[in-house]
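Please look through the structure shown below, and then work through the questions that follow. Each answer reasons step by step and ends on what was asked for.

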Amino acid sequence: LVQSISPYNDDKPPEPITTIGSALDWARSALQEQIDNAWLDARLLLCHVLEVRQEYLILYSEKTLTIQQAADYQSLVMRRATGSPLAYLLGSQPFYDIEVFVSPDVLIPRPETELLVEQAINFAQNRSHQFIVDVGAGSGIIALAMAKHLPQHHITGIDLSQDALDIAKRNTVHLNLVNRVRWLQGNLLDPLIKQGEQVDLIVANLPYITTEEMQDLEVSKHEPHMALDGGNDGLDLIRQLLKNAPLVLKPNGAILMEIGAAQGDGVRNIAQHYFPTAQVHVNQDLAALDRIVSVILPPR
Ligand SMILES: C[S@@+](CC[C@H](N)C(=O)[O-])C[C@H]1O[C@@H](n2cnc3c(N)ncnc32)[C@H](O)[C@@H]1O
């Protein structure tokens with residue numbers, strides 16, 4: 001079975017997959033040329049197929065796989081070898097202190113976004129901001145992590161993609177937060193504007209990669225373009241959000257947005273244009289790169 005599909009190690013025919021140990025050896029050699037964490041990915045994918053924890057693989061390395069398990073594992077490893085992101089193959093991804101389902105319909109949660117969530121939670125707690133919207137919610141990570149930590153707050157998530165919202169809703173059920181987050185489909189803040197609703201805090205991780213950068217990026221081959229492409233200067237969506245935000249923000253409200261490392265000055269200028277009296281700050285991440293813009297309105 002293995003020999004018929006493996007293009008690797010032509011000089012040394014691989015051992016057929018019969019046991020957990022031989023499956024891992026085969027996967028490691030199939031992956032090591034293509035990806036950095038071949039050994040770890042080989043183990044995580046096998047845990048996924050067998051529905052076991054990593055310790056099991058060590059304790060039962062001589063255990064025989066069924067033909068179905070071996071075939072499923074080979075298929076996942078080959079997809080990983082040709083660039084499919086691990087999170088899509090596993091179907092889930094840890095983020096902040098939750099774990100969410102992901103599919104190719106949503107962006108895979110990034111560690112940088114944990115900083116946005118941390119700052120947004122602190123911000124909402126300190127200022128008693130009650131009504132919060134997460135714009136460009138994707139898998140729902142920001143809204144859901146905030147809902148978990150802010151039990152008294154009213155949280156709405158908006159996305160243009162219904163497929164993404166379906167994943168977000170699945171995550172809401174899985175995390176037991178069904179009564180805590182409301183999901184709306186639409187363009188940026190339009191669903192709130194149409195309903196005449198106002199909020200205290202807008203949190204957003206919108207697409208911010210330039211269309212040109214998209215051409216060369218590996219992620220753009222696998223993750224949804226709608227989640228990544230921010231137009232010519234990467235700021236199309238952020239600009240549109242800031243333009244419409246005055247219609248939705250309450251007095252004393254605020255906006256927290258994730259941005260690209262080279263976009264601090266650009267986003268600060270746009271924010272200052274639409275909110276001339278607001279305090280606008282660009283905050284850096286742990287790598288000292290511009291990452292979050294906060295726009296804080298003065299009390300009216
Ligand atoms: C960078 S992803 C972020 C997803 C998620 N919030 C996260 O942090 O992982 C951006 C999201 O914005 C959504 N999006 C793109 N254009 C939009 C628009 N015009 N209105 C609402 N959502 C939009 C995409 O579908 C995608 O889910």
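In what follows, a residue is called buried when its relative accessible area is under 20%, exposed when it is over 50%, and partly exposed in between, using a 1.4 Å probe and protein chains only. This is a predicted model, in which local features need a pLDDT of at least 70 and side-chain atom pairs count only at pLDDT 80 or more, while totals for chains, interfaces and linings use all residues. Residues are numbered from 1 along each chain as its sequence is written, and side-chain values use heavy atoms, with hydrogens and water left out.

Q: What pLDDT does the protein average?
A: The pLDDT is the predictor's confidence in each residue, on a scale from 0 to 100. Over residues 1–10 the pLDDT is below 50, although this stretch has 19 contacts (heavy atoms within 4.5 Å) in the model beyond near neighbours in sequence. Of the residues, 95% score at least 70, and the protein averages a pLDDT of 93.

Q: Is Asp97 buried, exposed or partly exposed?
A: Asp97 sits in the loop between strand S1 (92–95) and strand S2 (98–101), where helices (H or I, at least four residues) and strands (E, at least two) are DSSP runs numbered from the N terminus. Because its relative accessible area is 37%, Asp97 is partly exposed.

Q: Which residue forms a salt bridge with Asp97?
A: Side chains of opposite charge can pair when their charged atoms come close. A salt bridge is counted here when a side-chain nitrogen of Lys or Arg is within 4 Å of a carboxyl oxygen of Asp or Glu. For Asp97 the closest N and O atoms are 3.4 Å apart, and the partner is Lys148. The pair links distant parts of the chain, 51 residues apart, since the partner in helix H8 (residues 141–149) is Lys148.

Q: How far apart are the closest N and O atoms of Glu223 and Arg110?
A: Glu223 is buried, with a relative accessible area of 5%, whereas Arg110 is partly exposed at 22%. These two residues form a salt bridge, and their closest N and O atoms are apart by 2.8 Å.

Q: Which residue meets Glu55 in a salt bridge?
A: Glu55 counts as partly exposed at 44% relative accessibility, and its partner, Arg53, counts as exposed at 63%. The N to O distance is 3.6 Å, and the side chain that meets Glu55 is that of Arg53.

Q: How many salt bridges does the count come to?
A: Beyond single pairs, Asp233, Asp236 and Arg239 are linked in a network of salt bridges. By the rule given above, the count of salt bridges comes to 10.

Q: Are the ring planes of Trp26 and Tyr73 stacked or edge-to-face?
A: Rings of Phe, Tyr and Trp (its six-membered ring) pair if their centres lie within 6.5 Å, and planes under 30 degrees apart count as stacked, over 60 as edge-to-face and the rest as tilted. A search of the whole structure finds three aromatic pairs. In one of them, the rings of Trp26 and Tyr73 have their centres 6.3 Å apart and their planes at 70 degrees, so the pair is edge-to-face.

Q: Which helix holds Tyr73?
A: Trp26 and Tyr73 are both buried. The pair ties together parts that are 47 residues apart in sequence, because Trp26 lies in helix H2 while Tyr73 lies in helix H5.

Q: What span should the 15 residues of H5 have?
A: The expected span of a helix is 1.5 Å times one less than its number of residues. The end C-alpha atoms of H5 are 21 Å apart, which agrees with the expected span of 21 Å.

Q: Over which ring does the charged end of Arg28 sit?
A: A charge sits over a ring if NZ of Lys or CZ of Arg is within 6 Å of the ring centre and within 35 degrees of the ring normal. The charged end of Arg28 is 4.0 Å from the centre of the ring it sits over, that of Trp39.
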